[in-house]
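Here is a short briefing on one structure. Look it over first, then read the points below.

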2 protein chains.
Amino acid sequence: MPKIEDVAAKAGVSVTTVSRVLNNRGYISQATRDKVAQAMKELNYQPNEMARSLFRKKSNMIGLIIPTVSHPFFSELVYHLEYYADQKGYKVLLCNSNRDISKERKYIDMLKKNQVDAIVMGSNVQDVKHYLNLNLPIISFDRTVANNIPIVTSDNYTGGRLASRLLVDKGCRKLAHISGGVGGPNHAALLASKRFQGFRDELPDTGIEHVSLELEITGLGDKRNVDELVRFFQEHPDADGVFATSDVLAALVIQACHQLKKTIPQEMKIIGYDDVGIASLVWPRLTSIRQPIREMSECAIELIAKLLQGEEVSMINSFPVTLIQRDTT
Amino acid sequence: MPKIEDVAAKAGVSVTTVSRVLNNRGYISQATRDKVAQAMKELNYQPNEMARSLFRKKSNMIGLIIPTVSHPFFSELVYHLEYYADQKGYKVLLCNSNRDISKERKYIDMLKKNQVDAIVMGSNVQDVKHYLNLNLPIISFDRTVANNIPIVTSDNYTGGRLASRLLVDKGCRKLAHISGGVGGPNHAALLASKRFQGFRDELPDTGIEHVSLELEITGLGDKRNVDELVRFFQEHPDADGVFATSDVLAALVIQACHQLKKTIPQEMKIIGYDDVGIASLVWPRLTSIRQPIREMSECAIELIAKLLQGEEVSMINSFPVTLIQRDTT
DNA sequence: AATGATGTGTCAACCGGTTGACACTAAGGG
DNA sequence: CCCTTAGTGTCAACCGGTTGACACATCATT
């Protein structure tokens, strides 16, 4: 690995001059600039970003903590976050917490030790204290944390209402609400619980009843998930509409319906949430509530960029959701 | 951010002593050890890993370049890679290249500048030269690069044969081979082309003919992909067996079949590849060739750990694939 | 009493790059 | 001819932590 000294020697200038070229400061003639550039090229020189970061006290790295990238919602989220981070010159350190609080804490410490400039939390955030005296920007994705931590979310409440309303409008008489997440249950801090709220608030004056099941997802391909759904629907044979809080859950519901020989959407209408890729890869294609993941990711990165420049940002950044009608309703 | 100096002051010892405690070298009494630990706790001190890395010339970071995490194969891969990396104390810098060669190059440079200890390439690797004079370990995932770069792969050839054989055994008379990837076509360097080879090698003595389609996947949810498949099957109405080189493609084939009112598996048998989560989330549940992604990821990280300790490693690390029979065959 | 292991401190160099202070030269303008 | 601006160099300090050399204790052994 060549160092700045080697470049200086090869170009026949001083280290300071090379640094000046590198950082574009002070007076430098075009001739010197060229000589230095030439030397760099010949040596295939790349400045050591660690050394620069150390001096600047800025690493241009952001840490990303999520439950697991293997869930399609997070994999799409991570994709877009990385894209926009890269656009702004940030690198992404990825951490899968599996919603394990102790692992989450370890990751936070690790990220801090490694001098990330900011952290995006897409995982649970339970013990708030741990995050407050971290003197670096944190932004939270779809989770409430504390009122001094900016949050990016989408309109979960309206999402829930839209889902209910659609099922009601399509003539459903008894609804089922299926929730659950990979790697542990969803807690109240998770804003997704507002979906349930919205879902229920749409029902009172319709006289439509609803039942609810919280699934403890064990792994995407695990047949036990479907089995539990089948049992649930056997207990509630009159349920004719399902709101699943993620498309993955909705896909499992579809499987349960097939197993129970219920036709979709005739005997059972299903609506999912997120509108990730899988929604249009299952059959029938899934009606879903779309979260604008790309836009939310872009917003998250912009928030970070602003925070790092000391600008004020709004604490709550909520995006509208849209109903995507396909073939399950 | 407290520094080692502050800890020394608070504990009433010298910086050297703190460093000795931190790194467990030389003689230190238990009393001092405790005093220092206490001071660290009180100050909430975390050693600056950048500074340490700079001195040690080892960052414990590994770079990961893949086409896109949003594809389920890669999202599962990344999940496991990060898991095992973390186990061994490595952090993961994630890069989505979208199979764009210039972006790939930029990422490689970026990772080098940022002093990653090693790179895992799960993306295309086309201009070999660029990677050879990188004086850091690279390992390649399921792609051939150069004979001095270790590679982790699975037995694609056998995978192809297993798929063919199953379709033949199940009585198919005309097979279709569907390939294609997200973000650009698959090239010869991609070992997945061996799947096609294996697929074909199983056919000659059976007298079964086959046709092939390379799809240019535009995005998971894009309906045009299905339309193209529908057209293809209309051109080949007698095709009754499909080998898709990924489960995502197989899911699209299922959609095309539904659209064409072909029953699965009676009129059309389908087998996918990878056996990622989606394989058991579609209906009918997909028969697939399973790649042991977890084991492959573990191997990749172990290879890196060995390379970083200067140990010799085997250049080709191929894992067996297994046929997972479900309901599409 | 000499020896050696243990425990801690001081000091300086180093990792690779950045920056400010300052000196010096050459060229151009008024 | 003086002044300013451009262009480059030298030097040292700094980012935060690590390490080796060396000095100087203390304490237990022999």
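**Protein and DNA**

A backbone N or O atom of B:Ser29 lies 2.7 Å from a phosphate oxygen of DNA strand C. That is a polar contact, meaning a pair of N or O atoms within 3.5 Å; within protein, one must be able to donate a hydrogen and the other to accept it, and residues adjacent in sequence count only if both atoms are side-chain atoms. This is a predicted model: local features need pLDDT of at least 70, side-chain atom pairs count only at pLDDT 80 or more, and totals for chains, interfaces and linings use all residues. Residues are numbered from 1 along each chain as its sequence is written, chains are lettered from A and ligands numbered from 1 in the order in which they are written, and side-chain values use heavy atoms, leaving out hydrogens and water.

**DNA strand C**

- Around strand C there are 28 residues, and A:Arg52, B:Thr17, B:Tyr27, B:Thr32 and B:Lys57 come nearest. A residue is near a strand if one of its heavy atoms lies within 4 Å of it.
- Sugar or phosphate holds 68% of the strand C atoms within 4 Å of the protein, and bases hold the rest.
- A phosphate oxygen of strand C lies 3.2 Å from a polar side-chain atom of A:Ser19.
- B:Thr16 has a side-chain N or O atom 3.3 Å from a base nitrogen of strand C.
- H2(A) gives the largest share of the surface near strand C, five residues. Helices (H or I, at least four residues) are DSSP runs, numbered from the N terminus.

**DNA strand D**

- Of the 28 residues around strand D, the nearest are A:Thr17, A:Tyr27, A:Thr32, A:Lys57 and B:Arg52.
- Sugar and phosphate make up 69% of the strand D atoms that come within 4 Å of the protein.
- The side chain of A:Thr17 has an N or O atom 2.3 Å from a phosphate oxygen of strand D.
- A:Arg20 reaches a base nitrogen of strand D with a polar side-chain atom at 2.8 Å.
- H2(B) supplies the largest share of the surface near strand D, five residues.

**Nonpolar cores**

- The largest nonpolar core has 120 residues. Such a core is a set of buried (under 20% relative accessible area, 1.4 Å probe, protein chains only) Ala, Val, Leu, Ile, Met, Phe, Trp, Tyr and Cys residues joined through side-chain atoms within 4.5 Å.
- Those with the most contacts inside this core include A:Phe233 and B:Ile270.
- Another core, of 30 residues, lies apart from it, with A:Cys95 and B:Met110 among its members.

Methods: Buried means under 20% relative accessible area, exposed over 50%, partly exposed in between (1.4 Å probe, protein chains only). Helices (H or I, at least four residues) and strands (E, at least two) are DSSP runs, numbered from the N terminus.
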